[in-house]
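This short report walks through one structure, beginning with its nonpolar core and ending with the surroundings of its ligand. Please keep the sequence and the 3D view at hand while reading.

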Amino acid sequence: MKQYLIIAIAIPLIAMSFAFDQSSLNSGTQDVTRPEEVQTILNKSCMPCHSDQGSGLKSKSKLNFDKLNDLDPTKKVSKLLKIAEEIEEKKMPKSGYIKKHPEAALTTDEADLLIKWAEEEAEQIVGKK
Ligand code: HEC
């Protein structure tokens, strides 16, 4: 299921990177938006590491939610898919962090919501021309 989705997104994405010049890609219409329910979950489970205020250079350099919209659309889409993947595979939030901060653990519903959000944002960016 996930595999198909990644392929379904990757193909138009590759096509897109050839078809559009950077200026039209950077027109600012493809911002990632974070509905409140998504933001609430990110705040407790991801932002402690992946934001401007986050701790840890490595986590920030890999993914900074506050800087997500500074990326070009192709990178944005690949980060979003990576987010969905890391959550799906239960790699994030890091288990060591959850041990110290049990409240950061994602419930199944929260994980599903974040995965759905990330995949839909990615599709939305790919779909926009
Ligand atoms: C305790 C700090 C911490 C928390 C909390 C955390 N992460 Fe991470 N994350 C990291 C670190 C450090 C890395 C760098 C790679 C590694 O060590 O696995 C990373 C890597 C990633 C990557 C890979 C980025 C790339 O391009 O390689 C993604 C995606 C990601 N995290 C998403 C999330 C999401 C989504 C959440 C919340 C559900 C989250 N992380 C919570 C520390 C954290």
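## The largest nonpolar core

In this predicted model, the largest nonpolar core has 17 residues, and those that touch the most other members are Val-77, Leu-80, Leu-81, Ala-84, Ile-87, Ala-118 and Ala-122. Two elements, α5 and α7 (108-127), give two or more residues to this core.

Leu-81 can serve as an example, for when residues up to four places away in sequence are left out, Leu-81 touches Ile-6, Ile-9 and Ala-122.

## The helix α5

The helix α5 runs over residues 73-88, and its buried residues are Pro-73, Lys-76, Val-77, Lys-79, Leu-80, Leu-81, Ile-83, Ala-84 and Ile-87. Just after α5, Lys-90 takes a positive phi of about 55°.

Why should α5 span 22 Å? The helix has 16 residues, and at 1.5 Å a residue, with the expected span taken as 1.5 Å times one less than the number of residues, this gives 22 Å, which agrees with the 22 Å between its end C-alpha atoms.

## Around the ligand

There are 21 residues around the ligand, of which Cys-46, Cys-49, Ser-59, Met-92 and Tyr-97 come nearest. Sorted by class, this shell holds 11 nonpolar, four polar and six charged residues.

At least two residues of the shell come from α4 (57-62), and at least two from α5. The largest share, five residues, is supplied by α5, the helix that also gives two or more residues to the largest nonpolar core.

Note on methods: Residues are numbered from 1 along each chain as its sequence is written. This is a predicted model: local features need pLDDT of at least 70, side-chain atom pairs count only at pLDDT 80 or more; totals for chains, interfaces and linings use all residues. A residue is near a molecule or strand if its C-beta atom, placed from the backbone, lies within 6 Å of it. Helices (H or I, at least four residues) and strands (E, at least two) are DSSP runs, numbered from the N terminus. Ala, Val, Leu, Ile, Met, Phe, Trp, Tyr, Cys and Pro count as nonpolar, Asp, Glu, Lys and Arg as charged, and the others, Gly among them, as polar. A nonpolar core is a set of buried Ala, Val, Leu, Ile, Met, Phe, Trp, Tyr and Cys residues joined through C-beta atoms within 7 Å. A residue is buried if 20 or more other C-beta atoms lie within 10 Å of its own, exposed if 12 or fewer, and partly exposed in between; C-beta atoms are placed from the backbone. Two residues are in contact if their C-beta atoms, placed from the backbone, lie within 7 Å.
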